[in-house]
Amino acid sequence: MQEPIVLENLTKDYGNSFKAVDVLNLNVKRNSFVGFLGPNGAGKTTTIKMLTNLLTITSGKAYLNGVDVSADPKNALSDIGAVVETPEFYPFLTPVETFEYLGSLRGMSKEEVRKRGKEVLELVKMTEWSTTRIGKFSKGMKQRIALAQALIHEPSVIILDEPTSGLDPRGMVEVREVLLELKKRDYTVFMSSHQLNEVQEICSEVAMIDHGRLLAYDSVTSLISKIESKRLEVRIANQVIGGAMDSVRGYAGVELLNVLTPSTFQLDFKGGEEEQAQLLLFLQSQGLKIVSFKESGLALENLYMNLIKSSR
Amino acid sequence: MATSLKRSPPSDMKQVMLVARYDIYKHLRSRRLLGLLVIETLLLVLILALPPLLGHQYNKDPDGYMSSFASANTINLLIIIGATLFAGDAIVSEYQNRTGYLIFPNPVKKSVLFAGKLLASVIIIDGAVLIWYGVGMLSGVAITGSVTILAVYSLLLALLYSIACIGVGFFLSALMKGSTGALVFTFALLFLILPIVDFTVGAIGGVKPEISLAFAGGTVGDVMQTPYPVDSNHTQHIGGQNLTLYSWIPNVTTSIIVMLGYSAALGALTLVLFKRREMVG
């Protein structure tokens, strides 16, 4: 069976030597849930747009299920469900009518569309809105319908471009619930996102890009295990003592120390779990009454920031 | 467990019909179609009700009677309004309204989307033209007792003119960045700009504007006249100077070629522009 998504030296050149995507190579494995990370302007959306035939490819190749997107977009996109940017719908059509239109274009029978329409509306919790014109929907509702239309034909590959972007916190949670539901099934999902917590929570693998180039691509656990330095946040019952802080700064593995409040400080620490336990004992030995001692921020965020920093 | 069924998308021809069907459905829902039918009904009511309201008799000559249905002020105007509403933003709206993000990542070629949208526009506008001529001919039979073949020629020329106007609308909708601009420019070009250019170049400049679509569209009404009118000119003394004004009559064969040419050339250009246009922003 062909790999679901393969990018070979994919390049998008907008002229004036600006390359939004620069010789990008990526091979997404079947049934993986890949988070596609990168800062604004890194080339995430451009890559997804080239994959879904919304932009022409300057050079290189993009394959979906082994079919060249540029050469045969109809076949390449036949087993794909996509939500790119925040799509707009034909405002005068209802979700059911939209599914009928898109489903019929994808080769579904009326009966299949009816049956699957019910299932996907249930999945995105929009059943009661099935016959309301989409023009009346909020952005969050439209985003859920966008997810539903991407799933209606049961594609093997789902491509999502920042699916929670622009949603309010409740909308984000609802869309994440749908994504977690997708993870339980055997889809291949390729999802760009700015939300590192979302990626860490949902994705099995992460591809990071910047300036259109791939920085890292591995499983989330493997990437996190590579992180050498952890950010720890310490809260104490007494006040921060100057002398003790100097000792902590000098402790092996401590790279940075920031006093946040009189009873809280943060430190970047290089070391494994054993070294971390030793550090805790050392802090207590310095007269600090530890109330809490925990990792601060997301491991993926730390890695992301390091990679982005070193790529610039 | 999701099980990918790997469906084959329908044939291009079937997809063209699907796109056309849903495009017509969208126009029905958006009330544009209703708007065109209301305008058509108002124009028909004016033509049919005005003579008796003004105390005039209907023209008892079948061709004379049909001429009021086949003039630039009536059927050509209806066609221009139709081309504006159903072709003027057919392509650009997918980009400006961001519905392209929904429709383009589907297993459907842009040429198929173009053909489906074009078919929908042709069905709607030519449907309105057929209703127009149907009412004209039926009322003509009722009032004058007959309809001549000239009415059929006029209908055929009107259908051809409508397709050429749709071509203009599609071309502008593929070329321009905003829906409103494309709609306004389509109407302005067909209704104002081309006739003004024709008048300037033709009536004043003395050059027969044979390649103008608006000029070629004049055959829709001219064909109802027997004998077919001929070119003429007359000189007027204006401000102490002699000014010759030319009255050019489009040749039917040339006009058919011009209208076919516009349809084919603008259709091809639209397809090229649509295929090249990217979903940016």
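Let's start with Y133 of chain B. This is a predicted model. What is Y133(B) in contact with, leaving aside its neighbours within four places in sequence? The list begins with M66(B), A70(B) and I75(B). Then come A151(B), S154(B), L155(B) and A158(B). V220(B) completes it.

Now the core around this residue. Y133(B) belongs to the largest nonpolar core, which has 154 residues. I159(A), F190(A) and Y133(B) have the most contacts inside that core. Which helix gives the most to it? Helix α8 of chain B, residues 149–175, with 16 residues. Another core lies apart from this one. That second core has 15 residues, including I236(A), A244(A), L257(A) and L279(A).

Next, a sheet in chain A. It is open and has 6 strands. The order is β6-β7-β8-β3-β9-β10, and the pairing is mixed. Which strands sit at the edges? They are β6, residues 80–83, and β10, residues 213–219, both of chain A. Each of those two pairs on one side only. On average, neighbouring strands here are turned by 15° against each other, direction ignored.

Look at the β6 edge. β6(A) and β7(A), residues 157–161, run parallel. 4 bridges join them. V83(A) stands opposite L160(A) in β7(A).

Last, the helix on this sheet. Helix α6 of chain A, residues 169–184, packs on the sheet. Which strands does α6 touch? β3 (33–37), β7 and β8 (188–193), in chain A. The direction of α6 makes about 135° with that of β3(A).

Definitions and conventions:
Residues are numbered from 1 along each chain as its sequence is written. Chains are lettered from A and ligands numbered from 1 in the order in which they are written. This is a predicted model: local features need pLDDT of at least 70, side-chain atom pairs count only at pLDDT 80 or more; totals for chains, interfaces and linings use all residues. Side-chain values use heavy atoms; hydrogens and water are left out. Two strands pair if DSSP finds at least two bridges between them. Axes are lines fitted to C-alpha atoms, for helices over the stretch in contact, and angles run from 0 to 180 degrees between N-to-C directions. Contact means heavy atoms within 4.5 Å. A nonpolar core is a set of buried Ala, Val, Leu, Ile, Met, Phe, Trp, Tyr and Cys residues joined through side-chain atoms within 4.5 Å. Buried means under 20% relative accessible area, exposed over 50%, partly exposed in between (1.4 Å probe, protein chains only).
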